[in-house]
Amino acid sequence: MTRQDAILEKPELSQAGAADVLAQRVSPATVIRRDEPLAKHTTLRVGGPAQVYVEPASEPDLAAVLASCQERGWRFFVLGRGSNLLVKDGGFPGVVICLAHAHFSRIEVAGERLNCGAGGKLKAVAVEAKRNSLAGLEFLEGIPGSVGGALRMNAGAMGCAMLDVVESVRLMSFDGEVQERPARELAATYRNCQTLRTHLALGAVLRGQPGSREIIEQRMNEYSRKRWTSQPAAPSAGCIFKNPPAIPAGKLIDELGLKGTRVGGAVVSAEHGNFIVNSGAATARDILDLIEIVRQRVRATCGIELETEVEIVGE
Ligand code: EPU
């Protein structure tokens, strides 16, 4: 066998082949699509296609997808609601797993607890908590993400973070093993949950405190007003950078006069310095170049190394 043959025989993902292999291993209720445009699955609205896109209909189907990826060495990543995600223009050369199927999207209230699937929307969780007079989850109202994505990123707003309101998490290891773990056992830090880099979140039990529905509603309205007056409405991925310890990234970028800086269709928001918005026809390249310009200016002027908060995937 020549070296070239060996390369050709590597278990690389061929679009049709991979979709067929997966279709044989999962139930018909699982959605499998080839060449799925990922731009429409992200709030930034940029990025190329996923070679294979899967919405598993059950935990066994999800485990079967993971097993195929492991056995054949296919790359995969788990997509939430795409609100903290930048997919490169070449797309993702692997399997994108999205827990958007109804099976993973439940939000069930029992007393002070909300049992939520990873695909549930955070806004729906906040609304359900309010409906049941449960306080403490109002901050989830304006985060345009899923429960799974928020766990993975330990998403936060208004001084609160996801893992602060979670009692336990249902996880699947990449080998398909399911376990329930108390939230305190998960390695959660500011905008990260390390355990969820080696496991998938299937769902979580969130806990609220009994409260007055009127006060909960007032708090949600106040948060919403704060967000609409300080953050842009144009397509974005929320904050692009994590806040460095010394100063909020948005304030720093604002003070350096970088608002309005543009590369192609990507612009540093005039409303909030830590947002890059897609003004219409941005590409992922435009956004990546703009991120680099901002990082370089901040490094050169203040010696601060900005770290991206947004997840960057693809080629
Ligand atoms: N500021 C400016 N100019 C700007 C932006 C902000 O001077 O252009 C100042 C503000 O006036 C304020 C300070 O910087 O004094 C902090 O700003 P803000 O209250 O907007 O909070 P942030 O630290 O920039 C964080 C989260 C947001 C979350 C808001 C509101 C991070 C990286 N960002 O932003 O989360 O919505 O608090 O609670 O932690 C996200 O993670 O994607 C995100 C949007």
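In this predicted model, helix α7 supplies three residues to the shell around the ligand, the largest share of any contributor. That shell holds 20 residues in total, and the closest of them are Met158, Tyr190, Cys239, Asn243 and Asp254. Sorted by class, the surroundings of the ligand comprise five charged, seven nonpolar and eight polar residues.

A good place to begin a tour of the ligand site is its polar contacts. The side chain of Asp254 places an N or O atom 2.8 Å from a nitrogen atom of the ligand. Gly273 takes part through its backbone, where a polar atom is 2.9 Å from an oxygen atom of the ligand. For Glu309, the partner is in the side chain: an N or O atom there is 2.9 Å from an oxygen atom of the ligand. Taken on its own, the ligand has 820 Å² of accessible area, and the protein covers 72% of it. Two or more residues of the shell come from each of the elements β9 (156-157), β17 (236-239) and α7 (249-255).

The wider setting of the ligand becomes clear at the level of domains. Residues of the shell are given both by domain 2 (106-215) and by domain 3 (232-313), so the ligand lies between these two domains.

The cysteines offer a second point of interest. A disulfide is a covalent bond between the sulfur atoms of two cysteines. Across the whole structure, a search finds zero disulfides. Cys116 is accordingly in no disulfide, and the cysteine sulfur nearest to its own, that of Cys193, is 16 Å away. Cys193 is likewise in no disulfide, with the sulfur of Cys116 as its nearest cysteine sulfur at 16 Å. A disulfide requires two cysteine sulfur atoms within 2.5 Å, so the distance of 16 Å between this pair rules out such a bond. As for their surroundings, Cys116 is buried, with a relative accessible area of 0%, and Cys193 is also buried, at a relative accessible area of 0%.

A last stop is Glu138, which is located in the loop that runs between β8 (134-135) and α5 (147-153). With a relative accessible area of 4%, Glu138 is buried, because residues under 20% are counted in that class. The side chain of Glu138 has a polar partner in this buried position: the backbone nitrogen of Gly136 is reached at 2.9 Å.

Terms used
Residues numbered from 1 in each chain as written. Predicted model: local features only at pLDDT ≥ 70, side-chain atom pairs only at ≥ 80, totals over all residues. Heavy atoms only, no water. Near = heavy atom within 4 Å. Polar contact = N/O pair within 3.5 Å; in protein donor to acceptor, adjacent residues only side chain to side chain. Areas by Shrake-Rupley, 256 points an atom, 1.4 Å probe, with all protein chains shown as cover. Helix = DSSP H or I, 4+ residues; strand = E, 2+ residues; numbered from the N terminus. Nonpolar A, V, L, I, M, F, W, Y, C, P; charged D, E, K, R; others polar. Domains from an automatic or database assignment. Buried < 20%, exposed > 50% of the residue type's maximum accessible area, 1.4 Å probe, protein only.
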